[in-house]
Amino acid sequence: MHSLKGEMIAVLSEVMSFWSGKTTDFNHGGFHGELDFYGNPVTNSTKGIILNARLLWAFAKVANHTKSNDFSDVLERSYVYVEQYFFDEKYNGVFWELDDQGNVIHAEKKAIAQAYSLLGLSEYYLVTKEEKVKNKCIELFLYIENNFYNKESNFYYNELTRELNPIDFENKNLGTHLHLLEAYANFYQFYKTDQLKDRIQNLFEILISKFLHQNEFCELDFDKNWKSKTENISIGHNAEVPSMLLDVAELVDEHQYQEKLIAKLENYCQLSMKLIDEVEGLYMFQNVKDKSFTREFQWWMQTETIIAFQKLYEFTKEEKYLTYLNKLWSFTKKHFLDQENGEWHEKLSADKKVMIVPKVGMWKSPYHIVRMCTSFI
């Protein structure tokens, strides 16, 4: 593990240097919304809240975890842009998407956007301890609870209009509930109220009883009656969800879930180990019905499964998990680290050839890499 720690320190340094140096938008503020495969800004690219909130979290997380102020300027830039451009002064919450100059082009309010914004803001507060940031976190938390939570059916809406009317008022989505719990737990580190603790416990129950109900895979979607709509097993989520819930349980002192989550993670990682034996890395999806694979490799399910193997090794002390961790990390280093243009490739084809897709976009951020690196450092 010692040599792995050194590698993770180096990877984290390189990745964050890339994001601080290559993505800064000196013309219009904040960060470029898209870089092409070679790391060049794409003209007129839009700016999404997922990318910007994850950047805020990533720079703050690195500052907190490493006790470094190497990226203090870019961290401040990230906070200022999110606070000034994405927050809706009239109806509260954060917008989904802006144009390259900061004008709102998609004003709808998505729960996952509010979640990542609260995650980023709460991590930023842990760096600065500024009261205005804490107040912004409280405001956003209450906004989510007052508008996105459906008390009658005990779930969170995925999306509202700007004026707070439900757009998707029936479907229950994993990402919405998972990342709300992640954000709430981070917020709870400095806002230990009974209301927030109750909401955290409720989200645990929803995720474990519904989304982790299956023993073979993590559910992604349900309809209005909690009937499964999951068509494909997400191999990345099979690792990410139980792993993240284990972290959250530790953070908020909810240890009664630990045994069940470890058992789920062990079950869910069976498919990952089988794939590593067969093709070295992890495909994106497996069809629930016919068991066929979407034969494409993406960066983030490799990182999340590395975290999962680390967790399993820590809890069980079984050497096989350390073996698979090292195998998957070797595959990831070989194929995803972009030694020529910096950061990581997003996708590989079935024959492990790099696919020419943008290096940076709405969902391509340092979030998963930072999660992986900081779990070893």
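The following exercises, each with a worked solution, concern a predicted model of a protein chain.

**Exercise 1. Overall form**

Determine how many helices and strands the chain has, and how its radius of gyration relates to the globule rule.

*Solution.*
Step 1. The secondary structure consists of twelve helices and 14 strands.
Step 2. The radius of gyration is 20 Å, and the globule rule gives 21 Å for 377 residues. These values are close, so the chain is as compact as a globular protein of that length.
Step 3. Along the principal axes, the C-alpha atoms fill a box of roughly 55 × 50 × 40 Å.
Step 4. Of the 377 residues, 59% are buried.
Step 5. For contacts between residues at least 6 apart in sequence, 65% join residues at least 24 apart.
Step 6. The exposed area of the chain is about 15600 Å², of which carbon and sulfur atoms supply 45%.

**Exercise 2. A sheet of four strands**

State the order of the strands in the open sheet of four strands, and identify which of them are edge strands.

*Solution.*
Step 1. The order is E11-E12-E13-E14, and the pairing is antiparallel.
Step 2. E11 and E14 are the edge strands, since each pairs on one side only.
Step 3. Strand E11 covers residues 232–234 and strand E12 covers residues 283–287; three bridges join them in the antiparallel sense. Within this pair, Asn232 has Asn287 as its bridge partner, and Ser234 has Phe285.
Step 4. E12 also pairs with strand E13 (residues 293–298), again over three bridges and in the antiparallel sense. Here Phe285 stands opposite Thr294. Phe285 thus appears in both pairings, with Ser234 in E11 and with Thr294 in E13.
Step 5. In general, strands of a sheet pair through backbone hydrogen bonds, either parallel or antiparallel.

**Exercise 3. The turn of a hairpin**

Describe the connection between E12 and E13, and decide whether Lys291 is buried, partly exposed or exposed.

*Solution.*
Step 1. E12 and E13 form a hairpin, with five residues between them.
Step 2. Lys291 lies in the loop between these strands. Its phi is positive, about 65 degrees, although Lys291 is not a glycine.
Step 3. The relative accessibility of Lys291 is 45%. Partly exposed residues lie between the limits of 20% and 50%, so Lys291 counts as partly exposed.
Step 4. Lys317 also has a positive phi, near 65 degrees, and is a residue other than glycine. Lys317 is located in the loop between helix H10 (299–316) and helix H11 (319–336). With a relative accessible area of 56%, Lys317 is exposed.

**Exercise 4. A sheet of three strands**

Explain why one side of each edge strand in the sheet E4-E7-E8 is left without a neighbour.

*Solution.*
Step 1. This open sheet has three strands in the order E4-E7-E8, with antiparallel pairing.
Step 2. Strand E4 (109–110) and strand E8 (166–168) stand at the edges, and each has a single partner strand, so one side of each has no neighbour in the sheet.
Step 3. E4 is joined by two bridges to strand E7 (residues 159–160), and the two run antiparallel. Lys110 stands opposite Glu159 in this pair.

**Exercise 5. Salt bridges**

Which salt-bridge partners does Arg199 have, and where do Arg199 and Glu145 lie?

*Solution.*
Step 1. The whole structure contains 17 salt bridges.
Step 2. Arg199 meets Glu145 in a salt bridge with an N to O distance of 3.8 Å. This pair links distant parts of the chain: Arg199 is in helix H7 (residues 194–211) and Glu145 is in helix H5, 54 residues apart. Both residues are buried.
Step 3. Arg199 also forms a salt bridge with Asp198, at 2.9 Å. Asp198 is partly exposed at 39% relative accessibility, whereas Arg199 is buried at 11%.
Step 4. Another salt bridge joins Lys136 and Glu139, at 3.7 Å. These residues are three apart in helix H5 (residues 131–147), so about one helical turn separates them. Lys136 is buried, at 15% relative accessibility, while Glu139 is partly exposed, at 32%.
Step 5. Asp88, Lys109 and Arg162 are linked in a network of salt bridges.

**Exercise 6. Surface and interior**

Decide whether Ile356 and Asn52 are buried or exposed.

*Solution.*
Step 1. Ile356, in the loop between strand E14 (347–348) and helix H12 (367–376), has a relative accessible area of 58% and is therefore exposed.
Step 2. Together with Tyr38 and Val354, Ile356 makes a nonpolar surface patch of about 290 Å².
Step 3. Asn52, in helix H2 (residues 49–66), has 2% relative accessibility and is therefore buried.
Step 4. Beyond residues up to four places away in sequence, Asn52 touches Phe31, Lys47, Ser78, Tyr81, Val82 and Phe86.

Key: Residues are numbered from 1 along each chain as its sequence is written. This is a predicted model: local features need pLDDT of at least 70, side-chain atom pairs count only at pLDDT 80 or more; totals for chains, interfaces and linings use all residues. Side-chain values use heavy atoms; hydrogens and water are left out. Two strands pair if DSSP finds at least two bridges between them. Patches are made of residues with over 30% relative accessible area and no salt bridge: like charges are joined within 9 Å, nonpolar side chains (Val, Leu, Ile, Met, Phe, Trp, Tyr) within 5 Å. Accessible areas come from the Shrake-Rupley method with a 1.4 Å probe; for residues, only the protein chains shown count as cover. A salt bridge is a side-chain nitrogen of Lys or Arg within 4 Å of a carboxyl oxygen of Asp or Glu. Buried means under 20% relative accessible area, exposed over 50%, partly exposed in between (1.4 Å probe, protein chains only). The radius of gyration is taken over C-alpha atoms; the globule rule is 2.2 Å times the number of residues to the power 0.38. Contact means heavy atoms within 4.5 Å.
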